[in-house]
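Please work through the exercises below with the sequence and the predicted model open beside you. Each task is followed by a solution that goes step by step.

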Amino acid sequence: MDKISVIIPYMQESRLLSKTIESILGQHSFDVAGSCEILVVNAAKQDLGALCAQHSFIKEISCDTDRTEQAIAAGLSKADGAWTAVFNCGDTVSDRYFADLRDALRAFPDVPFSVCKAFCVNPALLQTKPSVLNGAWFN
């Protein structure tokens with residue numbers, strides 16, 4: 001499976017950011033370090049050096065905004081994964097989230113997006129392919 005870029009806009013919720021990162025790192029049956037890049041878009045202007053130093057696949061992107069959508073756009077501009085997942089601070093996922101997503105993407109390789117608790121998009125396919133949502137096809 002291609003790499004997933006996980007974008008987390010960090011506006012001011014330091015306690016919640018840790019909760020989200022821990023949830024992502026707690027995956028079973030999925031190699032987060034080898035299959036993901038986590039992009040923390042720092043709009044809070046707080047020091048995230050210690051957090052990013054813990055794992056080479058967690059990267060900080062500085063962004064001067066107070067709008068979540070602009071922080072997400074900044075993350076998208078730096079993402080280099082084939083797929084993108086956006087999480088808000090405080091979001092958590094099951095310990096099989098990425099394994100289940102990987103399995104769904106393998107089963108439906110031409111689908112441009114998957115909607116679960118997070119939204120994953122393959123930008124290259126957005127305009128050209130139908131999509132699958134909860135097992136049903138939509139054109």
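Of the 139 residues in this predicted protein, buried residues make up 45%.

**Exercise 1. State how many helices and strands the protein has, and the pattern in which they follow one another.**

Solution. Begin with the count, which comes to 5 helices and 8 strands. Next, read along the sequence, where the pattern is β-α-α-β-α-β-α-β-α-β-β-β-β. Finally, turn to the contacts between residues at least 6 apart in sequence, of which 61% join residues at least 24 apart.

**Exercise 2. Decide whether strand 1 is enclosed or open, and find the strands with which it pairs.**

Solution. First, take the two sides of strand 1 (4–10) in turn: Ile4, Val6, Ile8 and Tyr10 are buried on one side, and Ser5, Ile7 and Pro9 are buried on the other, so that both faces are covered. In a regular strand the side chains alternate between the two faces of the sheet. Because 7 of the 7 residues of strand 1 are buried, this strand is largely enclosed by the rest of the structure.

Then look for the pairing partners. Strand 1 runs parallel to strand 2, with 7 bridges between them, and it also runs parallel to strand 4, to which 4 bridges join it. Val6 shows both pairings, since its bridge partner in strand 2 is Ile38, while its bridge partner in strand 4 is Ala85.

**Exercise 3. Follow the chain from strand 2 to strand 3 and give the handedness of the crossover.**

Solution. Start from the pairing: strand 2 and strand 3 are parallel and are joined by 5 bridges, and within this pairing Val40 stands opposite Glu60 of strand 3. Then trace the path between them, which leads from strand 2 through helix 3 to strand 3 and forms a right-handed β-α-β crossover.

**Exercise 4. Describe the nonpolar cores and name the elements that build the largest one.**

Solution. The largest nonpolar core has 28 residues, and those with the most contacts inside it are Ile4, Val6, Ile8, Leu17, Ile38, Phe87 and Phe98. Two or more residues each are given to this core by strand 1, helix 1 (14–25), strand 2, helix 3, strand 4 and helix 5 (97–107); the largest share, 5 residues, comes from helix 5. A second core, separate from this one, has 9 residues, including Ile7, Val41, Cys63 and Ala71. In soluble globular proteins, nonpolar side chains tend to be buried together.

As a closer view of one core residue, consider Ile4, whose contacts beyond its neighbours within four places in sequence are Phe30, Ser35, Cys36, Glu37, Trp83, Ala85, Phe98 and Leu101.

**Exercise 5. Determine on which side of helix 4 its buried residues lie, and what covers them.**

Solution. The buried residues of helix 4 (residues 68–78) are Ala71, Ile72, Ala74 and Gly75. Because they cover an arc of only 155° around the axis, they lie on the same side of helix 4. Their cover includes strand 1, strand 2 (36–42), strand 3 (58–62) and strand 4 (83–86).

**Exercise 6. Compare the surroundings of two loop residues, Met11 and Ala43.**

Solution. Place each residue first: Met11 lies in the loop between strand 1 and helix 1, whereas Ala43 lies in the loop between strand 2 and helix 3 (49–54). Next, check burial, for which the relative accessible area must be under 20%. Met11 counts as buried because its relative accessibility is 17%, and Ala43 counts as buried because its value is 7%.

Now list the contacts, leaving aside neighbours within four places in sequence. Ala43 touches Tyr10, Met11, Cys63 and Thr65, while Met11 touches Ala43, Ala44, Thr65, Asp66, Arg67, Thr68 and Ala71. Lastly, set sequence against space: Ala43 and Tyr10 are 33 residues apart along the chain, yet their C-alpha atoms are separated by 5.8 Å.

**Exercise 7. Examine the phi angles of Ser29 and Lys45, and say whether each residue is buried or exposed.**

Solution. Most residues other than glycine have a negative phi, and most peptide bonds are trans. Ser29, in the loop between helix 1 and helix 2 (32–35), has a positive phi near 60°. Lys45, in the loop between strand 2 and helix 3, has a positive phi of about 55°. As to exposure, Ser29 counts as exposed because its relative accessibility is 51%, and Lys45 is exposed with a relative accessible area of 61%.

Terms used
Residues are numbered from 1 along each chain as its sequence is written. This is a predicted model: local features need pLDDT of at least 70, side-chain atom pairs count only at pLDDT 80 or more; totals for chains, interfaces and linings use all residues. Side-chain values use heavy atoms; hydrogens and water are left out. Buried means under 20% relative accessible area, exposed over 50%, partly exposed in between (1.4 Å probe, protein chains only). The arc is that of the directions from the helix axis to the C-beta atoms. Contact means heavy atoms within 4.5 Å. A nonpolar core is a set of buried Ala, Val, Leu, Ile, Met, Phe, Trp, Tyr and Cys residues joined through side-chain atoms within 4.5 Å. Two strands pair if DSSP finds at least two bridges between them. A crossover is right-handed if, with the strands pointing away from the viewer, the path from the first strand over the helix to the second runs clockwise.
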